[in-house]
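Colleague: I'd like to walk through the empty space and the helix packing in this one. Could you put it up first?

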Amino acid sequence: MSPLTLRGLTLRNRLVVAPMCQYSVTGGVIGDYHLVHLGRFALGGFGLVLVEATGVTERGRISHADVGLWTDEQIPGLARVADFLHAEGAAAGIQLSHAGAKASSRRPWDGGGPVTSENARPGEDPWPTVGPSATPVGPGWPTPSELSVDGMTEVREAFVAAARRALTAGFDVVELHAAHGYLLHQFLSPLTNRRTDGYGGTRENRMRFPLEVVEAVRAVWPAGSPLFVRVSSVDGSRDGLTLEDTVAFARELAARGVDAVHTSGGGLGNGWDHPIGYGYQVPFAARVRAEAGVPTVAVGLIVDPHQAEAIVAGGSADLVAIAREAQDDPNFALHAARALTKGAYDDYPVQAGPRLATRDQLLDRIGPWTGPDPVQVEDRSA
Ligand SMILES: Cc1cc2nc3c(=O)[nH]c(=O)nc-3n(C[C@H](O)[C@H](O)[C@H](O)COP(=O)(O)O)c2cc1C
């Protein structure tokens, strides 16, 4: 897994920790939990660690427990994380998000779906949501208010202000969240965008607001720093966004200085009416990369170092993002490096690698543990 340079940033390898909401903060301010949760991926050898969906406004949060960047008070906690990632050789990225009509949700372990006055935790009342149209994101979801053009300008400026704060916090990469049924995806998808003005109807019109947000953020994000956009390459159902729509969007993103398109999927259209399996979204990354001429990040059930290596070597994507497997094995990138370099510990933190190498020499001498005896020592009398 070779390094990759995007603008002025060189990533030490192609493995990315995908954004993963932890629903574990109060008032959008992160603390020790996130330092440890994210820091272990830097110690684990990943090239780029993306902080989870981070609300650009309080009402744009998915839940009461999201990370936020809508006030300056939220900067120091994130700066502490970015500093730690840098100290351990990883680049620091952050996903900026507005949940739109999917805001005011419950934590997954509380049952997910919208907060209601009946199911709300004490002090965590539901709030009214906004969307491109007064169209719920699915059955059981509340009807959002249609954003006015002034309201859209406020959202756009909130993305810009959050990007500036991310810069102050020391982040190298901003990823704009235009996937998984959240606000920018709601504009892109014909399933949720029923506007009759210049921001709805044709594909060109549905792309207009997301592209305005991209342009505004690119204008304040430093020329030497990469900007990513995460997309749902296809909607869950086949009557929504298609891969052709996403290729067209990706071309426009590339023309506006976006450095990588992170090709996820779904979030609108109830479920997933497409094939599912290991690497099931890799073909999206490959097609966007080939047809829009933009670097891509592949994601989705990538669980093995050789699988990840083949995605890059085969030209399907420039980067490989890992979510659940990274939670299960925060050292995934170190294990991948060993698997692909025949066992060297060179990429391990210096506090661990050399001692593991000498332990291996010992283990080679004494052979594998054969169990169940708790003590098996060398017979030195022979
Ligand atoms: C706990 C958890 C939280 C997630 N939160 C986010 C998020 O904040 N933003 C996002 O774009 N995707 C989010 N996702 C989706 C992942 O980034 C990823 O696309 C998905 O899990 C598929 O990759 P995997 O098979 O490696 O887990 C989340 C996934 C998980 C498991």
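**Cavities, a pocket and helix pairs**

Colleague: How many cavities of 30 Å³ or more does a search of the whole structure find?
Modeller: Bear in mind it's a predicted model, so local features need pLDDT of at least 70 and side-chain atom pairs pLDDT 80 or more, while totals for chains, interfaces and linings use all residues. Residues are numbered from 1 along each chain as its sequence is written, and side-chain values use heavy atoms, without hydrogens and water. A cavity is a set of points on a 1 Å grid over the protein atoms alone where a 1.4 Å probe fits but can't get out. For cavities of 30 Å³ or more, the whole-structure search comes back with two.

Colleague: Which elements give two or more residues to the lining of the largest cavity?
Modeller: That cavity holds about 80 Å³ (the space filled by probe spheres on the points, which are joined across faces, edges and corners). Its lining (an atom within 4 Å of a point) is made of A178, L188, R203, R206, M207, V231, S232, L241, D245, T246 and F249. These split into six nonpolar, two polar and three charged (Asp, Glu, Lys and Arg are charged; Ala, Val, Leu, Ile, Met, Phe, Trp, Tyr, Cys and Pro nonpolar; the others, including Gly, polar). The elements giving two or more (DSSP runs numbered from the N terminus: helices H or I of at least four residues, strands E of at least two) are α5 (203-220), β10 (227-232) and α6 (243-255).

Colleague: And how many charged residues are in the lining of the second largest cavity?
Modeller: Its volume is about 60 Å³, and S63, H64, S105, R106, R107, D110, V115, N119, A120, R121 and E124 line it. Two of these are nonpolar and four are polar, and the charged ones number five.

Colleague: Which element gives the most to the lining of the largest pocket?
Modeller: A pocket is an open set with protein on both sides within 12 Å along at least five of seven lines, and the largest one has about 900 Å³ of space. Of its 39 lining residues, P19, H180, R230, S264 and G265 lie nearest the centre; by class the lining has 20 nonpolar, 15 polar and four charged. Both β13 (319-322) and α9 (324-328) give two or more residues. The top contributor, with three residues, is α9.

Colleague: Is α8 roughly parallel or roughly perpendicular to α10?
Modeller: The axes (lines fitted to C-alpha atoms over the stretch in contact, with angles from 0 to 180 degrees between N-to-C directions) of α8 (305-313) and α10 (332-340) come within 9 Å and cross at roughly 80°. Angles under 35 degrees count as roughly parallel, over 145 as roughly antiparallel, 65 to 115 as roughly perpendicular and the rest as oblique. So α8 and α10 are roughly perpendicular.

Colleague: Which residues of α2 does α1 meet?
Modeller: Helices α1 (32-43) and α2 (75-87) pack at about 20° with axes 9 Å apart, which means they are roughly parallel. Contact means heavy atoms within 4.5 Å, and on the α1 side it involves D32, H34, L35, L38, G39, A42 and L43. Across from them in α2 sit R80, V81, F84 and L85.

Colleague: How many polar residues are in the contact of α3 with α5?
Modeller: α3 (149-169) packs on α5 at about 35°, axes 9 Å apart. M152, V155, R156, F159, V160, A163 and R164 of α3 meet F209, E212, V213, A216, V217 and V220 of α5. That's 10 nonpolar and three charged, while the polar count is: no polar.
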